[in-house]
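Here are my notes for you, with the cut-offs spelled out along the way. Have a look at the structure first, then read on.

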Amino acid sequence: MSAQSVDPHPVQAASPAQDAVAAALPPAQRMEFYRQMGEATDDTIAAVLRRWWALVQVAADPATAHTAAAVKAKTAPGRSVAAVLRERQEDR
């Protein structure tokens with residue numbers, strides 16, 4: 001008998017159908033998705049599809065939507081990227 005390791009962060013469907021990704025996107029993003037898929041080569045098409053599928057999954061997560069809304073409203077905790085970059089420059 002052999003033990004099988006359990007991944008604490010299981011990955012959902014790695015390669016969804018192109019139509020499933022397109023259907024989950026708003027029209028403006030759908031056009032960009034189709035543009036990138038059309039420009040993809042045999043070597044890059046799977047990566048394009050996985051990247052867009054990850055965006056669909058993140059957008060569907062209520063916690064992510066809440067965080068995105070807080071960032072847009074400038075009420076999210078933390079510091080701006082500009083502040084962090086300015087501090088890094090000052091430390092040099």
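**Notes on the helices and the ring cluster**

1. Let me start with a backbone detail: Lys74, just after H4, adopts a positive phi of about 60 degrees. At the other end of helix H4 (residues 62-72), Asp61 acts as the N-terminal cap, with a side-chain oxygen 3.0 Å from the backbone nitrogen of Ala63.

2. A word on the source: this is a predicted model, where local features need pLDDT of at least 70, side-chain atom pairs count only at pLDDT 80 or more, and totals for chains, interfaces and linings use all residues. Residues are numbered from 1 along each chain as its sequence is written, and side-chain values use heavy atoms, with hydrogens and water left out.

3. For the overall picture, the protein has five helices and zero strands, giving the pattern α-α-α-α-α along the sequence. Helices (H or I, at least four residues) and strands (E, at least two) are DSSP runs, numbered from the N terminus.

4. Of the 92 residues in the protein, 16% are buried. Here buried means under 20% relative accessible area, exposed over 50%, and partly exposed in between (1.4 Å probe, protein chains only). The protein exposes about 7,600 Å², and carbon and sulfur atoms supply 58% of that area; areas come from the Shrake-Rupley method with a 1.4 Å probe, and for residues only the protein chains shown count as cover.

5. Which residues does Gln36 touch, not counting those up to four places away in sequence? They are Val48, Arg51 and Trp52, where contact means heavy atoms within 4.5 Å. Gln36 sits in helix H2 (residues 27-39) and is buried, at 18% relative accessible area. Its side chain also makes a polar contact (N or O atoms within 3.5 Å, one able to donate a hydrogen and the other to accept it; residues adjacent in sequence count only if both atoms are side-chain atoms) with the side chain of Arg51, at 3.3 Å.

6. You may enjoy the rings: there are two aromatic pairs in the structure. Phe33 and Tyr34 form a tilted pair, 5.5 Å centre to centre with 45 degrees between the planes. Phe33 and Trp52 are edge-to-face, at 5.7 Å and 70 degrees. Rings of Phe, Tyr and Trp (its six-membered ring) pair if their centres lie within 6.5 Å; planes under 30 degrees apart count as stacked, over 60 as edge-to-face and the rest as tilted.

7. Why does the pair of Phe33 and Trp52 tie together parts that are 19 residues apart in sequence? Because Phe33 lies in helix H2 and Trp52 in helix H3 (residues 45-60). Phe33 is buried at 0% relative accessibility, Trp52 is buried at 7%, and Tyr34 is partly exposed at 36%.
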